[in-house]
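Here is a friendly walk through one protein model, meant to be read with the structure open beside you. We will go from a helix to a sheet, and then to some charged pairs.

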Amino acid sequence: MKAETLSRSLKRKFYVFGVLLGTVTMLITWAFKAGQSPFILYGYPVLIAATLGIGWLAWTRSHLIERLEGGLFFAISGFFLGKIGFLMLFAQDRQQAWVEVQAGYWALLFAYLFAFLAFSAPKALWLSLTVNAAAFAINLAILLPSVARGGAADELIEAGRFGVRTLTLILLLYLLAQYKAALSDERRRGVELFAEARTDPLTDLPNRRALEERLRERVAQGRPFTVLMIDVDHFKGFNDRYGHAAGDAILRHVGQRLRRTLREGDLVGRWGGEEFAVVSGEGSLAQAKLLAERLRQHVSERPIDGQYAVTASFGVAVYEPGESLEELLERADTSLYQAKHGGRNMVVG
């Protein structure tokens with residue numbers, strides 16, 4: 001399973017679990033505290049319905065998860081800012097309202113988390129700091145008049161503490177996001193370097209190192225498989241007559257013709273110089289020679305670039321359980337030698 005698909009699958013399960021847990025929590029709160037606040041009485045049913053809708057989308061439309069994360073950030077942030085504004089402005093018991101505001105601050109933690117999941121680290125930082133500043137500004141605007149009249153000082157101090165705590169969390173999330181991005185870059189670069197070390201730069205095919213790794217894997221499995229050694233006929237003459245640029249073009253075209261003819265799971269690569277090699281799952285000599293004959297015909301079926309008539313010689317060897325890789329390659333090379341000295345443009349095995 002691809003990493004992106006796996007990540008989306010894990011997210012889907014996490015969000016569905018979170019939706020179920022959050023829905024149960026909000027139902028309990030609404031059942032026991034609906035009479036204490038109009039916000040809970042009328043707002044929570046809407047929130048529960050929205051939460052269930054998000055859960056349904058996460059389960060049935062997993063490709064929308066990235067968009068859902070961005071939407072959840074704005075939804076949770078807007079809900080929380082509206083809640084503290086409503087409670088602090090209209091609650092009859094200011095102290096009880098502040099208790100509910102403090103209890104609701106945990107929602108912002110999820111909002112900030114969704115921001116860093118959905119957006120780039122700089123954008124998530126900017127959005128989160130904006131919401132955090134807005135929450136503090138609302139508290140400040142509502143509490144300052146009370147402070148001026150000699151009250152609500154404790155609530156204002158506590159609001160400042162919450163602002164600092166959530167600011168610290170935002171900065172921590174930003175650092176983690178930057179660290180994750182750096183790790184992803186290092187991993188991607190490592191994958192690129194690994195691929196470059198096993199890719200022939202001229203033909204863009206696997207190089208000898210990659211072919212030898214595949215051969216060792218097949219030998220370790222101990223089951224029959226086929227090795228085809230391929231040599232482009234009269235290649236030195238092409239280089240001498242048309243130049244190295246034309247020779248390079250011939251090698252690229254031959255490599256592509258070989259690759260297009262093979263089945264999925266077979267591997268063709270540049271062995272070195274004008275030689276190519278194929279590692280195939282064919283397990284009998286007769287099948288291997290049929291494969292080689294098909295490749296030979298495709299290499300020579302028409303002139304390359306409309307002017308270079310190219311042929312190739314093929315040496316075939318089928319792995320015999322118990323023999324070494326060196327012995328297998330020596331048999332394939334011997335067959336190729338016989339094809340070259342037997343008239344070229346032929347298959348020997």
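The expected span of a helix is 1.5 Å times one less than its number of residues. Keep that rule in mind for helix α7, and keep in mind too that this is a predicted model.

**A helix to check with a ruler**

Helix α7 covers residues 153-197, which makes 45 residues. At 1.5 Å a residue it should span 66 Å, and because its end C-alpha atoms are 66 Å apart, the model agrees with the expectation. Which residues of α7 are buried? They are Glu-155, Leu-156, Glu-158, Ala-159, Phe-162, Gly-163, Thr-166, Ile-170, Leu-173 and Ala-177. As a general point, an α-helix has 3.6 residues a turn, so residues three or four places apart point the same way.

**The sheet and what packs on it**

Next, look for the open sheet, where 5 strands are arranged in the order β2-β3-β1-β4-β5 with mixed pairing. Strands β2 and β5 (347-348) stand at the edges, and because each has a single partner strand, one side of each lacks a neighbour in the sheet. At the β5 end, strand β4 (residues 312-318) runs parallel to β5 and is joined to it by 2 bridges. Val-347 of β5 is the bridge partner of Phe-314. Helix α11 (residues 285-300) packs on this sheet and touches β1, β3, β4 and β5. The direction of α11 makes about 165 degrees with that of β4.

At the other edge, Arg-270 sits in strand β2 (residues 267-272). Is Arg-270 buried or exposed? Arg-270 counts as buried because its relative accessibility is 16%, and the cut-off for buried is under 20%. Its side chain makes a polar contact of 3.3 Å with the side chain of Asp-200. Beyond its neighbours within four places in sequence, Arg-270 is in contact with several residues, including Leu-202, Pro-206, Leu-211, Leu-251 and Phe-276.

Phe-276 itself belongs to strand β3 (residues 275-280). With a relative accessibility of 0%, Phe-276 is buried as well. Leu-258 is 18 residues from Phe-276 along the chain, and their C-alpha atoms are separated by 9.1 Å.

**Charged pairs**

How many salt bridges does a search of the whole structure find? The total is 12. Three of them are set out below.

| Acidic residue | Basic residue | Closest N to O |
|---|---|---|
| Glu-212 | Arg-216 | 3.9 Å |
| Asp-233 | Lys-340 | 3.2 Å |
| Glu-301 | Arg-302 | 2.7 Å |

Glu-212 and Arg-216 lie in helix α8 (residues 208-221), and because they are 4 residues apart there, about one helical turn separates them. Glu-212 is partly exposed, at 21% relative accessibility.

The pair of Asp-233 and Lys-340 links distant parts of the chain, with their positions 107 residues apart. Asp-233 is in the loop between β1 (226-232) and α9 (235-242), while Lys-340 is in helix α12 (residues 325-341). Both Asp-233 and Lys-340 are buried.

The salt bridge between Glu-301 and Arg-302 joins two partly exposed residues. The relative accessible area of Glu-301 is 43%, and Arg-302 has a relative accessibility of 44%. Elsewhere, salt bridges with shared partners connect Arg-208, Glu-212 and Arg-216 into one network.

Methods. Residues numbered from 1 in each chain as written. Predicted model: local features only at pLDDT ≥ 70, side-chain atom pairs only at ≥ 80, totals over all residues. Heavy atoms only, no water. Salt bridge = Lys/Arg side-chain N within 4 Å of Asp/Glu carboxyl O. Buried < 20%, exposed > 50% of the residue type's maximum accessible area, 1.4 Å probe, protein only. Polar contact = N/O pair within 3.5 Å; in protein donor to acceptor, adjacent residues only side chain to side chain. Contact = heavy atoms within 4.5 Å. Pairing = 2+ DSSP bridges. Axes fitted to C-alpha atoms, helices over the stretch in contact; angles between N-to-C directions.
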